[in-house]
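Here is a quick tour of one model, written for someone who likes to click through a structure while reading. Have a look at the fold below, then follow along.

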Amino acid sequence: MLQVHHLNNSRSQRILWMLEELELDYEIVKYQRDSQTMLAPDSLKQVHPLGKSPILTDGDKTIAESGAIIDYLGRCYGDGLLRPTEAEEGYQDYQYWLHFAEGSMMSPMLIKLVLQKVEDNAAPFFVKFIAKQINKKVNQNFIHPNLTRLFAYVDTHLAVNEWFAGGKLTGADIQMSFPLEAAAHRGIVDKYPAILNYVAKIHAKDAYKVALEKGGEYEFA
Ligand SMILES: N[C@@H](CCC(=O)N[C@@H](CS)C(=O)NCC(=O)O)C(=O)O
């Protein structure tokens, strides 16, 4: 039986969506973030040494990294769905966006989030003041220009393509859902109508809704 080691409010929500799209039987093992640190509980390290979610187990196989899990499910269980073959149009785009989500999109978003948390939690006043100045400079010189370029690029792609790869829903869409949902939730893509439409479109899908109900707490939907 396929098992998803699922952390609340996390990237593993997209694995549940993928499994629902493929109409597969699976079991969810739920983990709860620490409310202060937001880290996963140590018990997740017993499943995989890094203790990050998602993790998929399939018999004696343990697979981590959401992109690798999505590709594995498409390859082993897709039966022609959600993963173009090498011969099909869209294969290269599928690979590209599957890697782009974590490889290019998530890093500046995470740096932005971490710096903001450092600023918010800094004390006393003069330390907070310094943290604010550092945050402002890094945002101005690095994060903002990078995110603007990345979002504009994604928005341009979505303005002329219904899905990320090959004209139909693939695992690349599922992988891209998390950074785009997180960005929409934080209000940092309000200037990008194609991204906002896309997020609304995936949220309207039946399989997405079922996954959401099964996964529980997920603040980005
Ligand atoms: N690139 C990895 C990232 C995994 C990751 O960082 N997961 C987060 C959840 S969104 C996590 O487990 N955080 C809890 C922790 O680091 O303890 C993937 O896409 O699977």
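## Helices, hairpin and ligand shell

Start with helix H3: its buried residues pack against helix H2 (66-77), helix H4 (125-160) and helix H5 (171-185). Keep in mind that this is a predicted model. The buried set in H3 is made up of Asp 93, Tyr 94, Trp 97, Leu 98, Phe 100, Ala 101, Met 105, Pro 108 and Lys 112. As a reminder, an α-helix has 3.6 residues a turn, so residues three or four places apart point the same way.

How far apart are the end C-alpha atoms of H3? With 31 residues (91-121) at 1.5 Å a residue, H3 should span 45 Å, and the 44 Å between its end C-alpha atoms agrees with that. There is still a bend of about 50° in H3, at Phe 100, and Phe 100 is also one of the buried residues of this helix.

Helix H1 (residues 13-21) is mostly covered, with nine of its nine residues buried. That list runs Gln 13, Arg 14, Ile 15, Leu 16, Trp 17, Met 18, Leu 19, Glu 20 and Glu 21, so charged side chains such as Arg 14, Glu 20 and Glu 21 are in it too. What do they pack against? The partners of the buried H1 residues are S1, strand S2 (26-31), S3, H2, H5 and H7.

Helix H7 (residues 206-215) comes back to H1 from far along the chain, and two of its residues show how. Lys 214 is in H7, and its C-alpha sits 8.0 Å from that of Leu 16, although 198 residues separate the two in sequence. Leaving aside neighbours within four places in sequence, Lys 214 is in contact with Leu 16 and Ile 28. Asp 206 is also found in H7; its C-alpha is 8.9 Å from that of Glu 20, at a sequence separation of 186 residues.

Are these two H7 residues buried or exposed? Lys 214 has 17 other C-beta atoms within 10 Å and is therefore partly exposed. Asp 206 has 9 within 10 Å, so it counts as exposed.

Now for the strands. S3 (residues 55-58) takes part in two antiparallel pairings: with strand S4 (residues 61-64) over four bridges, and with strand S1 (residues 2-7), also over four bridges. Thr 57 is a handy place to see both, as its bridge partner in S1 is Gln 3 and its partner in S4 is Thr 62. Elsewhere in the hairpin, Leu 56 stands opposite Ile 63 in S4. Two residues lie between S3 and S4, and Gly 59 takes a positive phi near 60° in this hairpin.

Gly 59 has some non-glycine company. Glu 23 has a positive phi of about 55° and lies in the loop between H1 and S2, just after H1. Met 38 has one of about 70°, in the loop between S2 and S3. Which class do these two fall into, buried or exposed? Glu 23 has 11 C-beta neighbours inside 10 Å, so it counts as exposed. Met 38 is exposed as well, with 11 other C-beta atoms within 10 Å.

The backbone also has cis peptide bonds ahead of two prolines, set out here.

| Cis peptide bond | Omega | Place of the proline |
|---|---|---|
| Ser 53 to Pro 54 | about 10° | loop between S2 and S3 |
| Ala 123 to Pro 124 | near 0° | loop between H3 and H4 |

Both members of one of these bonds, Ser 53 and Pro 54, turn up again around the ligand. Which other residues are there? The rest of the list is Leu 7, Ser 10, Arg 11, Leu 39, Ala 40, Gly 51, Lys 52, Glu 65, Ser 66 and Glu 102. By character, the shell divides into four nonpolar, four polar and four charged residues.

Several of these fall inside elements already met. Leu 7 belongs to the range of S1 (residues 2-7), Ser 66 to that of H2 (66-77), and Glu 102 to that of H3 (residues 91-121).

Key:
Residues are numbered from 1 along each chain as its sequence is written. This is a predicted model: local features need pLDDT of at least 70, side-chain atom pairs count only at pLDDT 80 or more; totals for chains, interfaces and linings use all residues. A residue is near a molecule or strand if its C-beta atom, placed from the backbone, lies within 6 Å of it. The expected span of a helix is 1.5 Å times one less than its number of residues. The bend at a residue is the angle between axes fitted to the seven residues ending there and the seven starting there. A residue is buried if 20 or more other C-beta atoms lie within 10 Å of its own, exposed if 12 or fewer, and partly exposed in between; C-beta atoms are placed from the backbone. Two residues are in contact if their C-beta atoms, placed from the backbone, lie within 7 Å. Two strands pair if DSSP finds at least two bridges between them.
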